[in-house]
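Trainee: Got a minute to go through this one with me? I'd like to start with the aromatics.

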Amino acid sequence: MGEITKAVKHFIEHRFSLLEDKAEEPVIIDAIKKNVDFKGANLWALIFAIFIASIGLNVNSTAVIIGAMLISPIMGPVMGIGLGIGINDLELVKKGGKNLLVATLFSILTSTIYFYITPLHEAQSELLARTSPSIWDVFIAFFGGLAGMVAASRNQRSNVIPGVAIATALMPPLCTTGFGLATGNWMYALGALYLYFINSVFIAIATFLMARYIKMHRKHFEDPGIEKKVTRYMVIVVLITIIPSVVMAYRIVDKSIFETNARKFVDERFHFQNTQVVSKSYKYGQNNKEIDLLLIGNELSRQELDSLRLHLNDYKLQGVKLNIRQGLNAKQEIDFSQIKASILEDVFSRQQSTDTIKVNPAAPAVADSNVLAELKVLYPAIRSFGINSMVLYTSSNGKADTLNVALADFRSAIRPADRAKLEEWLRVRYKTNIRLVVQ
């Protein structure tokens, strides 16, 4: 048994050892210090990379954003701070912090200028993805920092550092911050800056831990008083860095768990034949969590609503408030564009399923209650709706033609543009040519 344990221990030590190919400590420190300074070529490279990343975010090009992250040297100061803490080098920590501040300010200024002058001001998906952090960003930054420090401590340089620069994505949040400032969207700017801070902190922490793991020599001073003072400063810096990060990481984890459970609850529990969810949002607060849903179709009874609320506990959603809005009420604040988009998405998904509504030109078309419910959302003034096929005879030649005709009645007259949109919507809905008659 002892031999097996010894063999397993030897196997693990051999496979996971970081001593092989490890560079000399002065080489490691010099390599990281060289990338800490932001002046001359490094600063110009950063500015050019910020412009490229901003353009990539603006036109929603992932390839361009990746290229910009490969060019950017912004990881240098972050790793410098982590290494400085790991080896008790206060000067390196100060230098890294100062240069990181310079790099951050120049990056935000550059991206703000770009987004201020660009004619494209729409927030694309690549931009929106950088407006709020998730637990996955924390994990990526942490493990990316570990990989970066391992690569920096090797004799032979590999493609790990460029890969870490892409994975940890320090630049896109800075560009998104500039976008938020240029367009006056402070929530975008603060959310992106928060994501940048999270990434930077966890890369630095990972660098610090790896420096300690590979047993890099810590700096000692001749005067014990100075060494004690420096150690105290290091502890303060580490605590100032770690404590907010732990708190933020907890909030991120808690928010991610809440949203995951809330989505699962809605997806699994809201399956009704004549009622569907057209709008949903999950509001997270430290002491206040809410699930807000808008339903169309047949209204759910009080018993059904009470049953749904009881099932919240099954999804670890204790204390979460469930807000369900049914029907259309003048007092309700509803984003009609969102509802329309949701309905059209549902329409297209239905057309691709086996339940697609089909109209036979030779037979009457059936308008079910769901269609009328959808029309009530799009056109609240509608009173009745019906659709059928009819035979039209041409007076000139007596030829007969079958046509699907939809009849809609409104409380007040609708504009010609709305009538044309409704007719086009019905054609998409039923996948056939339809003529609309409005009463």
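Mentor: Sure. Keep in mind that this is a predicted model. The structure holds 9 aromatic pairs.

Trainee: How are the planes of Tyr114 and Phe115 arranged, stacked or edge-to-face?

Mentor: Tyr114 and Phe115 pair edge-to-face, with 5.1 Å centre to centre and 75° between the planes.

Trainee: And are those two buried or exposed?

Mentor: Tyr114 and Phe115 are both buried.

Trainee: Which residues form one aromatic cluster with them?

Mentor: Phe179 and Tyr188 join Tyr114 and Phe115 in one aromatic cluster.

Trainee: OK, another pair. What about Phe265 and Tyr315?

Mentor: Phe265 and Tyr315 are edge-to-face too. Their centres are 5.5 Å apart, and the angle between the planes is 70°. This pair links distant parts of the chain, 50 residues apart. Phe265 sits in helix H12 (residues 224-269), while Tyr315 is in the loop between H13 and S3.

Trainee: Why does Tyr315 count as buried if it's in a loop?

Mentor: The cut-off for buried is under 20% relative accessible area. Tyr315 has 9% relative accessibility, so it counts as buried. Phe265 is buried as well, with a relative accessible area of 0%.

Trainee: You mentioned S3. Which strand does S3 pair with in the parallel sense?

Mentor: That's S2: S2 and S3 (residues 321-326) are parallel, with 6 bridges between them. Leu294, for example, has Arg325 in S3 as its bridge partner.

Trainee: What do S2, H13 and S3 make together?

Mentor: A right-handed β-α-β unit, with H13 covering residues 302-310.

Trainee: And how does S1 run relative to S2, parallel or antiparallel?

Mentor: S1 (residues 275-283) runs antiparallel to S2, and 8 bridges join them. The connection is a hairpin through 6 residues. Tyr282 stands opposite Ile291 in S2.

Trainee: Why is S2 described as largely enclosed by the rest of the structure?

Mentor: S2 spans residues 290-297, and 7 of its 8 residues are buried, so the rest of the structure largely encloses this strand.

Trainee: Switching topic: where does UniProt place the transmembrane regions?

Mentor: The unreviewed UniProt entry puts them at residues 41-59, 65-87, 99-117, 133-152, 164-187, 193-213 and 233-253.

Trainee: How much of residues 65-87 is helix in the model?

Mentor: Residues 65-87 are 83% helix and 0% strand, and the end C-alpha atoms lie 34 Å apart.

Trainee: And residues 193-213?

Mentor: Residues 193-213 are 100% helix and 0% strand, with 30 Å between the end C-alpha atoms.

Technical notes. Residues are numbered from 1 along each chain as its sequence is written. This is a predicted model: local features need pLDDT of at least 70, side-chain atom pairs count only at pLDDT 80 or more; totals for chains, interfaces and linings use all residues. Side-chain values use heavy atoms; hydrogens and water are left out. UniProt positions are given in the numbering used here, feature names are shortened, and annotations may be inferred rather than shown by experiment. Helices (H or I, at least four residues) and strands (E, at least two) are DSSP runs, numbered from the N terminus. Buried means under 20% relative accessible area, exposed over 50%, partly exposed in between (1.4 Å probe, protein chains only). Two strands pair if DSSP finds at least two bridges between them. A crossover is right-handed if, with the strands pointing away from the viewer, the path from the first strand over the helix to the second runs clockwise. Rings of Phe, Tyr and Trp (its six-membered ring) pair if their centres lie within 6.5 Å; planes under 30 degrees apart count as stacked, over 60 as edge-to-face and the rest as tilted.
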